[in-house]
Amino acid sequence: MLLNFEHIYKSYGDRQILEDVTFYLEPGDRMGVVGVNGGGKSTLLKIAAGEESPDKGAVSRDPNVRISYLSQNMRDDPNLTVLAQVLSGQSPDTRELAEYEAKEMLSKLGINDYDKKMSELSGGQRKRVALVSCLVSPADVLILDEPTNHLDALMISWLEDYLSSFRGAILFVTHDRYFLETLARKTAEVSFGRFFVYDGGYTAYLDGKAQREEMEAASERKRKSVLRRELIWMLQGPCARGTKSRERIERYEKLRDRQPPQVEETDFEIRAVSSRLGKKTIELSGVSKSFGDNVIFKPFDYLLQRDDRIGIIGSNGTGKSTILNIIAGVLPPDSGEVIYGDTVKIGFFSQHAAELDDNQRAIDYVKEHGDRIETKDGFLTASKLMEMFLFSGDIQYRQIGRLSGGEKRRLFLLGILASAPNVLLLDEPTNDLDIPTLQILENYLETFPGAIIAVSHDRYFLDRICSRLFTIGPDHEVSLYTGAYSDFLLSCKAEAKKERADSEKTPPPAREKTKKLRFSFKEQREFETIDDDIAKLEKEIAENRALQEANSSDYVKLQELMEKQAELERRLEEKEERWVYLNELYEQISAQ
């Protein structure tokens, strides 16, 4: 067992964040943690990493366990270079290997200038450097808080593959539902302080949560039914020459005082309306953009349809946000023009939210944009709309300066929706939004009667909302694909497979005759005995585990056995890696 949480409690002021949390992590475990923002997910990870202490309960760790932690709050040195920052925690013995791995990872994440100062990087680039620094550190447990933030789809795919081959345990918080589905073997939900674990990824979480809430609702219905019966009994006078049963009275009082289960509301039906949008919408005619000699995208044309659902995809830095800024009129195009219909009313949710007044109350900000919001089912007050987007009554009347970063972003989005635009431009709308809020936003957008153009790295969001895609390729051409994002990926894979097949049909150039591979004498002997060596080590490890159980009360002996266990597992890992090498070499020799 690498990490063990036992009856953990944590509160801030009078707010209970974690209540009686118990779970453990073993090698190979991959646990994703979900829940509303501010619900305790990051606090749980900080406690696991040793950054914070619980109010009650204990976290026990294997004495030899190595933990690598990716925090939401980056702690880098602005004076260090990228490579120096990544390697700052490495020992001299591991530095050379770590440097090679770090450069490879950085290039995968779009950072190729290793000598650039950290102070010169954007926030997203700094987050990626922090991720690489975490991954190159030798670790038995990876604790990752939002590792997919600021990564594009290709980067996320690479990270999924990398983490899937990690042998230790992973505890991570994510709002990327496909990432959760792919990676998690268990999904933990933090809800009103309580902790629930489901076997599997996002789908298992949805199914398990629905079943749990149905069971809790059934239990609550039964409680109310029994309570009504007991209340009738309580109101009746006692039988002649008798008294009411004290035990039954106490049972009634316990039923009366028991709190009903708290449920997060995410299934609101908000059928959106917008300002009337005429036949003439927005036309892009020969639009292009460059910054100096750097071509962002070449000229392209498009006539926006009134019910369009368009996602813009491409690698970081290819100009996705630039297209939205040009459509919104924030940036002028270098060539061509953007022509607007008379009835067009744009709502632009940019990555850099407009400056909010920290002294203004949250509800007053929404009221400025729409005091009574029209829906197809009637009018909603600003307060009700905020409630539907998970702003509870007390939060609605807080000053904006007291809101979290995620809450401010959600408030900015809500102000845009309340103003009833008929064309929505959304630049990374899912960043910093938790899964319950994402579900509500997607439900809203599905009924939105106007056009939507969105830049997003959230693959689940793109699949659910968008039916067309603008793709920006390495040649700076903007292409239109009709279909969902998953369909686009499948078509790309099919095309790549066809290209590989075509290249394999071309006979390779004649090669000079090379010397045949063969085992050295030492390798031959090692190949013949390595299976027995591995079996022997596995037996020793099993015997050592049994001795640990037998000596669990003898701390000194247990410590010796655990140190021996770590050494045996290290030797086994080396043998297994050597086994892979020797068998691959044997296959190459046999194929000659």
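Which residues does leucine 413 touch, not counting residues up to four places away in sequence? In this predicted model, the answer is a set of four: Phe349, Leu426, Leu433 and Leu441. Leucine 413 itself is part of helix α13, and with a relative accessibility of 3% it counts as buried. A separate distance helps to place this residue: its C-alpha atom is separated by 13 Å from that of isoleucine 346, a residue 67 positions away along the chain.

Helix α13, which spans residues 405-418, also packs against helix α10, residues 362-369. The two axes lie 7 Å apart and meet at an angle of about 25°. Angles under 35 degrees count as roughly parallel, and α10 and α13 are therefore described as roughly parallel to each other. The crossing of α10 past α13 is right-handed. On the α10 side, the contact is made by Ala362, Tyr365, Val366 and His369, while α13 contributes Leu411, Phe412, Leu414, Gly415 and Ala418. Sorted by character, the residues of this contact comprise seven nonpolar and two polar ones, with no charged residue among them.

Charged residues come into view elsewhere in the model. Side chains of opposite charge can pair when their charged atoms come close. The count of salt bridges here comes to 28, and three of these pairs are followed below.

The opening example joins arginine 459 and aspartate 176, whose closest N and O atoms are 3.2 Å apart. Arginine 459 belongs to helix α15 (residues 459-465), whereas aspartate 176 sits in the loop between β7 (169-173) and α6 (177-183), so this salt bridge ties together parts of the chain that are 283 residues apart in sequence. Both partners are shielded: arginine 459 is buried at a relative accessible area of 9%, and aspartate 176 is buried at 5%.

Helix α15 takes part in another pairing, between glutamate 442 and arginine 464, with an N to O distance of 2.9 Å. Glutamate 442 lies in helix α14 (residues 435-446) and arginine 464 in α15, so the parts tied together here are 22 residues apart in sequence. The two side chains differ in their surroundings: glutamate 442 is buried, with a relative accessible area of 0%, but arginine 464 is partly exposed at 27%. The pair also belongs to a wider arrangement, a network of salt bridges that links Arg177, Glu442, Glu446, Asp458 and Arg464.

A further salt bridge brings together glutamate 569 and arginine 545, at 3.6 Å from N to O. Glutamate 569 is in helix α18 (residues 555-590) and arginine 545 is in helix α17 (residues 521-550), and the pair links parts of the chain 24 residues apart. Here both partners are partly exposed, glutamate 569 with a relative accessible area of 35% and arginine 545 with 45%.

What, then, of a residue in a loop, such as aspartate 115: is it buried or exposed? Aspartate 115 is found between α3 (92-108) and α4 (123-136), and at 62% relative accessibility it counts as exposed. Its C-alpha atom and that of alanine 501 are separated by 40 Å, with the two positions 386 residues apart along the chain counted as their sequence separation. Aspartate 115, exposed in its loop, thus contrasts with leucine 413, which is buried.

Note on methods
Residues are numbered from 1 along each chain as its sequence is written. This is a predicted model: local features need pLDDT of at least 70, side-chain atom pairs count only at pLDDT 80 or more; totals for chains, interfaces and linings use all residues. Side-chain values use heavy atoms; hydrogens and water are left out. Axes are lines fitted to C-alpha atoms, for helices over the stretch in contact, and angles run from 0 to 180 degrees between N-to-C directions. Helices (H or I, at least four residues) and strands (E, at least two) are DSSP runs, numbered from the N terminus. Angles under 35 degrees count as roughly parallel, over 145 as roughly antiparallel, 65 to 115 as roughly perpendicular and the rest as oblique. A crossing is left-handed if the near helix is turned anticlockwise from the far one by less than a right angle, and right-handed if clockwise. Contact means heavy atoms within 4.5 Å. Ala, Val, Leu, Ile, Met, Phe, Trp, Tyr, Cys and Pro count as nonpolar, Asp, Glu, Lys and Arg as charged, and the others, Gly among them, as polar. A salt bridge is a side-chain nitrogen of Lys or Arg within 4 Å of a carboxyl oxygen of Asp or Glu. Buried means under 20% relative accessible area, exposed over 50%, partly exposed in between (1.4 Å probe, protein chains only).
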